Amino acid sequence: MFEYAPAPESRDIVDIKPSYGLFINGEFVDGHGESFKSINPASEETLAEIACAAPQDVDRAVRAARQAQDSVWSGLPGRDRAKYLFRIARIIQERSRELAVLESIDNGKPIRESRDVDLPLVAAHFFYYAGWADKLAYAGFGRGRTEGHSGQDPRPLGVAGQVIPWNFPLLMLAWKIAPALACGNTVVLKPAETTPLTALAFAEICRQAELPPGVVNIITGAGETGQALVAHPDVDKVAFTGSTEVGRQIARNVARTGKRLTLELGGKAANVIFEDAPLDQAVEGIVNGIFFNQGHVCCAGSRLLVQESVAEELLGRLKARMATLRIGDPLDKNTDIGAINSAAQLEKIRMLSEIGEREGAARWSPPCELPSRGFWFAPTLFTDVAQSHRIAREEIFGPVLSVLTFRTPAEAVEKANNTPYGLSAGVWTEKGSRILWMAERLRAGVVWANTFNKFDPAAPFGGYKESGFGREGGRHGLAAYLDV
Ligand code: TAP
């Protein structure tokens, strides 16, 4: 091992204001709720005071979105909506370094990831859906059903109320806003309480792009604000990404209202390693699968299923690789694992890991020094895990991997599918026929073969079972925002 010199990204590029208002109808306005602070999880330093939207603010935002929908946006030809989306995409590219630094400061993720994964994907989503905006009549959903609506395009749904989590703040915003606008909807979006800053920077980008006021509204606040948004009677479409528990509440509230709903919820993915897999590559895939973004990933490969014949060898190589992971300052370009997003999430990860030990699994982490301030958790591996253990069943949403073994492909499928979730899975083998055999049987929205955590705006993403319903991304992602 050699030592790395510090390689800090400069934070001077971002200008964080002491306080932020709500973005409604193209203006920053005060909220009527009690404002709250956004903190840097790597240092616990307060970054800014954030306005909180009370029900009357939510109402104001929905009315602004409705007005913009009726008077401007739904009447614009697709090619004109596309121009705005292309403009937004280009501004995101131009400001990507600033946005990546801001994301790392507010969320705790390593700059290497916000710079090389989040931001390029955010821009790609806007470019991708900009491309669809004038081709909706050819997307395969049929032609427009209402006379007078811009030519023959299928109709938009109207006002979308969108609620997103804290793990990929700007990327989840892009997944929601880009297809909604491309299809002719207007939006009111609520970012997570702990990570509002990049959504508020996006509000400035909407102004920079001269997007008509009211087409995008960003309202900050906690769970109650999200609740008021999804319950608002003038919202036509609810799009939620977050935990299964909250998703269930939303499904109950939306039932029988006539609102359209998509839910992108939790996961407990199996990453399945066969004995013929290229083991060194598989180790990289396992590390990427569970330690990317501190394991705060809905589709994280949190259950490792390894064929018994290679288990010992693979675990030896995995431990050696884990010992090289660098944990610390998210703004250091050499950091692999950044800060846990909040004290509450750290507590949850600690609690489930302690339960893992108590239930009889063997816990291992490489020796590593954690910073004294901020929220940190060492990369952790559990062996001797039984399928009944909570660490094998529940989403930990942290850098914690549970290892199970199998002997036959049939047993691998059985174990992989033994979960209430169904969001993603991985298969590592040299045999193409085995990949196809597994992919046919795994109940997961996405199955990666000899790779993991690969995303592309053209590829639909979403779950089965308790991982939710509806797809985001690709042509399928348009269906969620059109009256088809
Ligand atoms: P949640 O606690 O469910 O929060 C998600 C969002 O909903 C936040 O903005 C939250 O606000 C808001 N919210 C909380 N209670 C609400 C309510 N009753 N009604 C409406 N909105 C409410 O999830 P989280 O902890 O932020 O995110 C982690 C979860 O998201 C994990 O389960 C993860 O798997 C899932 N996730 C899934 C995907 C996909 S694509 N399937 C992608 C990313 C994450 P506050 O933050 O202010 O509480």
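Start by selecting Ala-416, Thr-419, Ser-424, Arg-443 and Ala-444: these lie nearest the centre of the largest cavity, which 16 residues line in total. You are looking at a predicted model. The largest cavity holds about 100 Å³ of space, and the structure has 3 cavities of 30 Å³ or more. To see which elements build its lining, colour α13 (409-417) and β16 (424-428), since these are the ones that give two or more residues to the largest cavity.

Keep Arg-443 selected and add Tyr-464. Arg-443 lies over the face of Tyr-464, at 4.1 Å from the ring centre. Now bring in Arg-471, whose charged end sits over the ring of Tyr-464 as well, 5.6 Å from its centre. Arg-443 thus links two stops on this tour, being among the residues nearest the centre of the largest cavity and also lying over the Tyr-464 ring.

Next come the aromatic rings. Select Trp-175, Trp-448, Phe-452, Phe-455 and Phe-461, and you have one aromatic cluster on screen. Across the model the count of aromatic pairs comes to 12. Zoom to Phe-23 and Phe-28: their ring centres are 5.1 Å apart and their planes stand at 50 degrees, so this pair is tilted. Phe-23 is buried, with a relative accessibility of 2%, while Phe-28 is partly exposed at 28%.

Then move to Trp-166 and Phe-397. Here the ring centres are 5.4 Å apart and the planes meet at 80 degrees, so the pair is edge-to-face. Trp-166 sits in the loop between β6 and α5 (169-182), and Phe-397 in the loop between α12 (390-393) and β15 (400-406), so the pair ties together parts that are 231 residues apart in sequence. Are these two rings buried or exposed? Trp-166 counts as buried at 15% relative accessibility, and Phe-397 counts as buried at 15% too.

Stay with Trp-166, and show the surface around it. The largest pocket has a volume of about 1200 Å³. Trp-166 is one of the residues closest to the centre of that pocket, along with Phe-240, Gly-242, Ser-243 and Val-246, out of 50 that line it. For the walls, select α5, α7, β9 (237-241), α8 (244-254) and α11 (343-358), the elements that give two or more residues to the lining. Which element gives the most to the lining of the largest pocket? Highlight α8, which contributes 7 residues.

Finish at helix α1, residues 55-71. Its 17 residues reach 24 Å from the first C-alpha to the last, close to the 24 Å expected at 1.5 Å a residue. Show the side chains of its buried residues: Asp-57, Val-58, Ala-61, Val-62, Ala-64, Ala-65, Arg-66, Ala-68 and Gln-69. What do they pack against? Add β2 (22-24), β6 (159-163), β7 (186-190), β8 (216-218) and α7 (223-231) to see the partners of these buried residues. Of those partners, α7 should be familiar, as it also gives residues to the lining of the largest pocket.

For the last close-up, pick Gln-69, which belongs to helix α1. With 6% relative accessibility, Gln-69 counts as buried. Leaving aside residues up to four places away in sequence, Gln-69 touches Ser-74, Pro-156, Gly-158, Gly-184, Asn-185 and Thr-186. Now draw a distance from Gln-69 to Val-215: C-alpha to C-alpha they are 6.8 Å apart in space, although 146 residues separate them in sequence.

Technical notes. Residues are numbered from 1 along each chain as its sequence is written. This is a predicted model: local features need pLDDT of at least 70, side-chain atom pairs count only at pLDDT 80 or more; totals for chains, interfaces and linings use all residues. Side-chain values use heavy atoms; hydrogens and water are left out. Helices (H or I, at least four residues) and strands (E, at least two) are DSSP runs, numbered from the N terminus. The expected span of a helix is 1.5 Å times one less than its number of residues. Buried means under 20% relative accessible area, exposed over 50%, partly exposed in between (1.4 Å probe, protein chains only). Contact means heavy atoms within 4.5 Å. Rings of Phe, Tyr and Trp (its six-membered ring) pair if their centres lie within 6.5 Å; planes under 30 degrees apart count as stacked, over 60 as edge-to-face and the rest as tilted. A charge sits over a ring if NZ of Lys or CZ of Arg is within 6 Å of the ring centre and within 35 degrees of the ring normal. On a 1 Å grid over the protein atoms alone, a cavity is a set of points where a 1.4 Å probe fits but cannot get out, and a pocket is an open set with protein on both sides within 12 Å along at least five of seven lines; lining residues have an atom within 4 Å of a point. Grid points are joined across faces, edges and corners, and a volume is the space filled by probe spheres set on the points.
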